[in-house]
Amino acid sequence: MEKTYNPDAIEQNWYQTWEQNGEFSPSGEGTPYAIMLPPPNVTGSLHMGHGFNNTIMDTLTRYHRMKGDNTLWQPGTDHAGIATQMVVERQLNAEGKTRHDLGREQFIDRIWDWKQESGDNITRQLRRLGSSLDWSRDRFTMDEDLSEAVKHVFVQLHQEGLIYRGKRLVNWDPVLHTALSDLEVLSEEESGHLWHFRYPLTDGTGHLVVATTRPETMLGDTAVAVHPDDDRYQHLIGKTITLPLVGREIPIIADDYVDR
C-alpha cells in the first residue's frame, strides 16, 4: 500500500468503472427520489460554491441510493446566453474582430463551439469531484425538446393570466442591445452634478431657482415645493411660476418634506 493517498491513481479509474456499469442510474425500484442539478453556466469553470452544494446533493443522492430508493441525480448545463455572448465577443475583440464582422450565422456557430469547449470542461470537473450524476441523462438548456417545454409552459401561464407583458424600467445594455437583470449590473457611486434653473414667476415679479440632478424631468413638473418655515420663500407660497420651454403654469406649494 502506498504511504500517501494518490487520488489520480484511484478515483478516475473507479469513477469510470461505476459510470460504465450504470451505478449512477435509477434502479427502477423503490420510492422515487430525484434531485435536479442547478445547471452551471457554460461560461467558464466551477468554483468553490459548486463544490459545496454538489457535495450536499451527492451526499443525499448516495444516501437514498443506498436506502434502495429509485434515485436520480439529473445533470445539465445552462446556456447563460448574455454571459456566454460576452465571453465570445471578448475572444473576437482579442482577434481584432466583432460579431458584425462574422455575421449572425457564423457568430452563432462560434458560440456553439465555445459551449462545447467550456461545457465539456465543466462536466470533466464534476466527474473529478466524484459527483454520482446519471450522465446518460445529461441535458443542456437549449436542447430542442427543453426549449419546446419552456415555450409550452409560458403559453400556458399566459393563458391562465399568470404572466403578462408590461412596460417596466429595465437595465439596458447599449452594446448587446438587451435588458439585464440586477444581478448582472455592477453599481458604482459617482459624483453628481446639480443643475440650477430659474423658474420665472407668472406675475413677472421675479424668479425661483430650482436645483436638480435630473434636468430632463423638468418638462413633467406639476408644482414647485418649498418648506413652509423657510423665510426665504414665505412670500412665494400660493403664487405660480411659468415652466420654461413648455410655458405651463404650475403652483408653488408648501411641504415640510422639503429640506430647509
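**Salt bridges, burial and overall form of a predicted model**

There are six helices and eleven strands in the protein, and the model discussed here is a predicted one.

User: What makes the contact between Glu11 and Arg128 a salt bridge?

Analyst: The side chains of Glu11 and Arg128 approach to 3.7 Å, N to O. A salt bridge requires a side-chain nitrogen of Lys or Arg within 4 Å of a carboxyl oxygen of Asp or Glu, so the pair qualifies. The two residues belong to distant parts of the chain, 117 residues apart: Glu11 is in helix H1 (residues 7-20) and Arg128 is in helix H5 (residues 104-128).

User: Why is Glu11 called partly exposed?

Analyst: Its relative accessibility is 32%. Buried means under 20% and exposed means over 50%, so Glu11 falls in between and counts as partly exposed. Arg128, with a relative accessible area of 35%, is partly exposed by the rule just given.

User: How do you know that Asp58 and Arg62 meet in a salt bridge?

Analyst: The N to O distance is 3.1 Å. Because the limit is 4 Å, the contact between Asp58 and Arg62 counts as a salt bridge. Both residues lie in helix H2 (residues 48-67), where they are four residues apart, about one turn of the helix.

User: Is Asp58 called buried or exposed, and what makes it so?

Analyst: Asp58 has a relative accessibility of 10%. The value is under 20%, and therefore Asp58 counts as buried. Its partner Arg62, at 27%, counts as partly exposed.

User: What makes Glu148 and Lys151 a salt-bridge pair, and where do they lie?

Analyst: Their side chains meet at 2.9 Å, N to O, and this is within 4 Å, so the pair is a salt bridge. Glu148 and Lys151 are three residues apart in helix H6 (residues 144-159), about one turn of the helix. In addition, salt bridges with shared partners join Arg139, Asp143 and Asp145 into one network. As for accessibility, Glu148 is partly exposed at 43%, and Lys151 is partly exposed at 48%. The structure as a whole holds twelve salt bridges.

User: How do you know that the span of H6 is close to the expected one?

Analyst: H6 has 16 residues and reaches 23 Å from its first C-alpha to its last, against 22 Å expected at 1.5 Å a residue. Just after H6, Gly161 takes a positive phi of about 75°.

User: Which residues form the nonpolar patch on the surface, and why can Trp18 be part of it?

Analyst: The patch consists of Tyr5, Ile10, Trp14 and Trp18, with about 440 Å² of accessible area together. Trp18, in helix H1, has a relative accessible area of 33%. A patch residue needs over 30%, so Trp18 meets that cut-off.

User: How do you know that the protein departs from the rule for a compact globule?

Analyst: A compact globule of 260 residues would have a radius of gyration near 18 Å, but the protein has 31 Å. Its C-alpha atoms fill a box of roughly 95 × 50 × 50 Å along the principal axes. Buried residues make up 25% of the 260 residues.

User: What domains does the assignment give, and how many Å separate their centres?

Analyst: The domain assignment gives domain 1 (7-140) and domain 2 (195-254). Their centres, taken over C-alpha atoms, are separated by 61 Å.

Key:
Residues numbered from 1 in each chain as written. Predicted model: local features only at pLDDT ≥ 70, side-chain atom pairs only at ≥ 80, totals over all residues. Heavy atoms only, no water. Buried < 20%, exposed > 50% of the residue type's maximum accessible area, 1.4 Å probe, protein only. Domains from an automatic or database assignment. Expected span 1.5 Å × (residues − 1). Patch = residues over 30% accessible without salt bridge, like charges linked within 9 Å, V, L, I, M, F, W, Y side chains within 5 Å. Areas by Shrake-Rupley, 256 points an atom, 1.4 Å probe, with all protein chains shown as cover. Rg over C-alpha atoms; globule rule 2.2 N^0.38 Å.
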